[in-house]
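User: I would like a close look at a single part of this model, taken slowly and with its surroundings in view. Please keep the answer connected rather than as a list.

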Amino acid sequence: PAPVEVGEVRRGPITLRRTFSGTLEASSEFLLAPKVSGRLQRLEADLGDAVTRGQVVAKVEDAEFVQELNQARADLDVARASHAEAQSALEIAQRALERAQTLRKEGVTSESQLDAAKTDELAQRARVEVTAANVVRAEAVVEAARIRLADTDVTADWVTGDDRRVVAQRFVDEGEAVTPSDALLSIVELNPITCVVTVPERDYARLSVGQAATFTTDAFGGERFQGAVTRIAPVFRSATRQARIELNVENGDERLKPGMFVRATLELESLDDATLVPTPALTERDDASGVFVVDESGDRVRWVPARVLVTDAGWTAVEADGPLSGRVVTLGQELCDDGSAVHVADAPETTP
């Protein structure tokens, strides 16, 4: 008889878990940049400071923009005065035309004089339209100058997420010349925070949005944090053959910081009631996986093909061709064939 060790077949729940290394990232980042060029007069926030939505966090020197606004307002006054003058001239031309028409009916004036009065009235009417357009253009210039002046106050006006964020980086110092393409500050949202891991092809098909996950970080020892899968990349990186997975993690106390290294454990699959065999019991015969089941007498084994469903923590859920119970060979399968005689050695039992 072949000496073998055995383990018990059980029924119960099993959950497939995988642990992946990853990094924490801010769930959202806002790069603060000025809308106008100039010298940075002051910064109202610095590294680590809390910032609220709409808060003024920087100031660009505004003397030049104040002067532009004053000039635009003066030009608007001139345009309005010209428009008023044109309206007065039109009223005079209209009265002159009315007199010329009356005198022409009475035969006192000539046709050419009437034509001249009409021409003058039309010219004055056109002048009124031109000056009105000049007023509209001047008003637009004033509004544009006012907007540029207001833009010297640089505000943190992000759209989505929480009203409170934190300054993660500062890129400039007070007194530097800045342009609209220059980032001043990086402002990040820390609650929730995003855990990013990469997953190989073998586990990708088992992933779905909403799956539960836990992770640990060296910064807080053995403390475990809870999260859930929120995004699954639709492509694999060609260099690593892995896909990016994002998990959403509540971080109300903001202890977790972007850049921390983490180990995330994902629950990929769960079975509530499955046939479980010790993982070492699985072997292959003729390109098929299965187990050797010890008969009731304990003297012989029979080969039972079994399809692997889930493996976790030393146990494997299988689907066999028919009922599977009793004991299975966990060591010594290479000495066994279907119907082989065996001698069961004493071995410590494995507890699921």
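Where is Val 36 found?

Analyst: In this predicted model, Val 36 is found in the loop between β2 and β3, the latter covering 38–43. Val 36 has a relative accessibility of 7%, and because buried means under 20% relative accessible area, this residue counts as buried. Its surroundings fit into the same picture: leaving aside residues up to four places away in sequence, Val 36 touches Val 60, Phe 65, Arg 148, Asp 151, Thr 152, Val 178 and Pro 180. A further position to consider is Leu 149, which is 113 residues apart from Val 36 along the chain, while the C-alpha atoms of the two are separated by 8.8 Å.

Turning from the loop to the strand named with it, β2 spans residues 10–32 and pairs in the antiparallel sense with β13, residues 261–278, over 13 bridges. Within this part of the model, Phe 20 stands opposite Ala 264 in β13.

Strand β13 also has other pairings, which may be followed in turn. With β10, residues 212–217, β13 pairs in the antiparallel sense over five bridges, and there the bridge partner of Thr 214 is Thr 265 in β13. With β17, residues 315–320, β13 again pairs in the antiparallel sense, here over four bridges, and Val 277 stands opposite Thr 316 in β17.

Key: Residues numbered from 1 in each chain as written. Predicted model: local features only at pLDDT ≥ 70, side-chain atom pairs only at ≥ 80, totals over all residues. Heavy atoms only, no water. Pairing = 2+ DSSP bridges. Helix = DSSP H or I, 4+ residues; strand = E, 2+ residues; numbered from the N terminus. Buried < 20%, exposed > 50% of the residue type's maximum accessible area, 1.4 Å probe, protein only. Contact = heavy atoms within 4.5 Å.
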